[in-house]
Amino acid sequence: MSTPEFIKVNPQVEKFIALIELNRPKELNALNRQLMAEVRDALKVLDEDDNVRAIILTGGEKVFAAGADIKQMANATAIDMFNIDQFSTWDQIKKTKKPIIAAVSGFALGGGCELAMICDMIIASETAKFGQPEIKIGTMPGAGGTQRLTRAIGKVRAMEMVLTGKFISAEEALNAGLINKIVPVELLYTETVKLAKEIAKQSPVAIKLAKESVNNAFNSTLEEGLLFERKNFYLTFASEDQKEGMAAFVEKREPDFKGK
Ligand code: CAA
């Protein structure tokens, strides 16, 4: 992978934990196409790295991301947008098998909110603000804001955010079910790593299958989802990790999962 310009990647910030930090501070981490391609490429490499079991995506302590880069798309035609197809990058990000935790501080707006929502969990600092303000610039969310937000917080709340562009605080986001936890800004990194470590302790095989099953809940009927879950459950029995996990329980010791 060539050195990225708009993100910093540390594949081993702690044992089994990788960190991707958006790094376009002057533009409040606005998500231009190159930045998103760099995130996609980094995730692909980390997803294939056996020493990585959980990934943290952050914008640092000041801002998560103020949305897609408005300047980059301001003069585009619909056909430009169609040809560029910037959201195909997002489709690939969505395919990441390992869990991704967003650590959000400051603004997570438009594409920034959507990027946090494409992650599997969100830890926010007290300064976090979430919003889908695209309506204020004459457009609408295009990277999942009308879909993931609605599924996360329900129709009426999503409708209000999408149709007025209003921001919600970390506390409102927590009450609405958008985020997992609020922490003081100076503890954002530590608390996110703590959660990542809890996940990294588990069987990497079971973690990936479980993530896939939870995400599948949004794409299937209950019956189909239950069947999918059952097959993935059975599949864990093909892993050494399942044998190790159950043996460790019986022998009253900690399991040592290898991801096999
Ligand atoms: N795109 C491009 N540049 C951006 C940007 C964005 N989304 N957000 C901020 N910037 C730039 C500003 O233009 C400014 O650059 P200059 O210094 O060169 O003028 C710099 O970042 C700092 O921004 P502000 O001076 O505006 O900072 P502020 O503290 O006064 O305001 C803010 C912060 C409320 C977040 C404001 O910047 C803002 O409203 N940004 C746009 C938010 C938005 O509309 N996001 C949605 C984008 S569209 C989208 O995301 C579509 C999709 O679904 C994928």
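Two strands are taken to pair if DSSP finds at least two bridges between them. I note at the outset that the model I am reading is predicted.

**Entry 1: the hairpin of β1 and β2**

I began with strand β1, residues 7–14, and strand β2, residues 17–22. The two run antiparallel, and five bridges join them, which meets the requirement of at least two. To place one position across the pair, I looked up Val9 and found Ile20 of β2 opposite. I then turned to the link within this hairpin, where two residues lie between the strands. One entry there concerns Phe16, which takes a positive phi near 70 degrees.

**Entry 2: helix α7**

Which residues of helix α7 are buried? In this helix, which spans residues 155–164, I recorded Ala158, Met161 and Val162. Seen down the axis of α7, these buried residues fall within an arc of 90 degrees, so they line one face of the helix. I next examined the face turned away from that buried side and noted the exposed residues Val156 and Leu163 there.

I also asked what the buried residues of α7 pack against. The partners are β7 (129–131), α6 (148–153) and β8 (167–169). Just after the helix I found Gly165, with a positive phi of about 80 degrees.

**Entry 3: helix α12**

For helix α12, residues 240–250, I listed Asp241, Gln242, Glu244 and Ala248 as buried. They cover an arc of only 165 degrees around the axis, which puts them on the same side of α12. Among the elements that cover these buried residues, I noted α10 (204–216) and α11 (222–236). Lys252 follows the helix, and its phi is positive, near 55 degrees.

**Entry 4: Asp241**

I returned to Asp241 of α12 to look up its charged and polar surroundings. How far away is the nearest side chain of opposite charge? That side chain belongs to Arg53 and is 6.3 Å away. A salt bridge requires the atoms concerned to be within 4 Å, and I recorded none for Asp241, although this residue is buried.

I did find a polar atom of the Asp241 side chain 2.9 Å from the backbone nitrogen of Lys258. Finally, I listed the contacts of Asp241, leaving aside neighbours within four places in sequence. They are Ser203, Pro204 and Val205, together with Phe257, Lys258, Gly259 and Lys260. Lys258 therefore appears in my notes both for its backbone nitrogen and, under the cut-off of 4.5 Å, as a contact of Asp241.

How values were computed
Residues are numbered from 1 along each chain as its sequence is written. Side-chain values use heavy atoms; hydrogens and water are left out. Buried means under 20% relative accessible area, exposed over 50%, partly exposed in between (1.4 Å probe, protein chains only). Helices (H or I, at least four residues) and strands (E, at least two) are DSSP runs, numbered from the N terminus. The arc is that of the directions from the helix axis to the C-beta atoms. Lys and Arg count as positive and Asp and Glu as negative; His and the chain ends are not counted. A polar contact is a pair of N or O atoms within 3.5 Å; within protein, one must be able to donate a hydrogen and the other to accept it, and residues adjacent in sequence count only if both atoms are side-chain atoms.
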